[in-house]
Amino acid sequence: MSKLKRILNSRQMVTFVWIAGVIVIWEIFAFIVAATKRTPVNVLPHLWQIISSFFSDNKVSGEMTMAQLIGSSCRETLLRAGLGFAIGTAAGFLLALCMSLSGIVEKIAFPYLMIIQMIPILGMAPIILAVTGDINISRIIIAAILTFYPVSTNILAGFKAVEREKHELMYSYAANKLQLYTKTLIPACIPYFFTGLKISAPMAITASILVDTLQGGNGLGCMLSQSLKGGMTRLVFWNIVLISAMIGILSFVVMGLIEKILTPYKRKGG
């Protein structure tokens with residue numbers, strides 16, 4: 001019984017129950033929508049219809065099948081999101097380091113961080129586009145901005161979480177600022193750093209997809225917008241929704257796996 005109880009309480013079982021619950025609820029609503037005979041047809045298709053359409057040889061845009069179309073769009077979106085994520089991570093780390101080194105920098109920069117975070121993505125996009133004049137650069141910048149805030153604030157929290165006694169111990173060994181950060185503060189903030197990455201990775205992808213909907217070109221958001229306007233089969237929309245959700249979840253999981261590899265120890269408050 002104890003073994004069965006452990007299995008029922010395991011994380012894998014909880015995940016399975018959540019996935020099964022989502023599938024059941026989805027299918028119930030798919031049957032309800034189908035019974036109402038709403039238009040366009042299959043406003044909420046069954047999951048098997050969505051999945052089977054991804055492997056279909058039918059052309060949905062020019063000479064491209066569903067898999068080819070979404071694969072091409074996904075590559076463009078992930079490239080822009082990845083570049084923005086990398087830039088935002090580097091900038092966030094550097095700003096957190098500067099704020100930790102100087103209280104004046106923190107007092108000046110932190111309010112702007114809060115303001116940027118409160119601006120909606122779709123409200124920020126036209127501003128960035130007006131400044132850069134290039135939609136592709138704008139997409140990368142917006143992904144970087146959304147990565148920037150969680151990374152910088154979490155790293156700063158990690159620096160501040162280090163006990164004063166550790167600072168004094170390092171100074172008692174005649175350590176300079178560089179040694180203090182490289183030997184004590186930066187290693188201590190790594191778990192906080194990955195917390196920021198796990199928050200910002202899905203956000204960067206979401207930002208790229210949302211901003212794609214505002215302009216033409218290639219990308220998951222562009223295909224999403226075209227499918228909603230009737231430019232292609234509605235199944236493209238649902239395929240992109242599922243793929244986007246999977247990519248977001250996968251990005252979170254990947255950050256967690258990297259964290260486990262680099263920090264096998266448990267965080268114990270600093």
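Here are legends for a few close-up views of this predicted model.

**View 1. Ser 244 and the residues it touches.** Ser 244 is part of helix H11, which covers residues 234-262. Why call Ser 244 buried? Its relative accessible area is 16%, and anything under 20% gets that label. Leaving aside residues up to four places away in sequence, Ser 244 touches Ile 209 and Leu 220.

**View 2. Phe 159 and Tyr 181, an aromatic pair between two helices.** The ring count for this model comes to 5 aromatic pairs. In the pair shown here, the ring centres of Phe 159 and Tyr 181 sit 5.5 Å apart with the planes at 80 degrees, so this one is edge-to-face; the cut-off for that label is over 60 degrees. The pair links distant parts of the chain: Phe 159 belongs to helix H7 (residues 135-161) and Tyr 181 to helix H9 (residues 177-212), with their positions 22 residues apart. Phe 159 and Tyr 181 are both buried.

**View 3. Phe 237 and Trp 238, ring against ring.** What angle do the planes of Phe 237 and Trp 238 make? They come out at 85 degrees, with the ring centres 4.9 Å apart, so Phe 237 and Trp 238 also go down as edge-to-face. Phe 237 has 16% relative accessibility and therefore counts as buried. Trp 238 is buried too, at a relative accessible area of 14%.

**View 4. The aromatic cluster around Phe 237 and Trp 238.** Which residues make up this cluster? Trp 26 joins Phe 237 and Trp 238 to form one aromatic cluster.

Technical notes
Residues numbered from 1 in each chain as written. Predicted model: local features only at pLDDT ≥ 70, side-chain atom pairs only at ≥ 80, totals over all residues. Heavy atoms only, no water. Helix = DSSP H or I, 4+ residues; strand = E, 2+ residues; numbered from the N terminus. Buried < 20%, exposed > 50% of the residue type's maximum accessible area, 1.4 Å probe, protein only. Contact = heavy atoms within 4.5 Å. Phe/Tyr/Trp six-rings, centres within 6.5 Å; stacked < 30°, edge-to-face > 60°.
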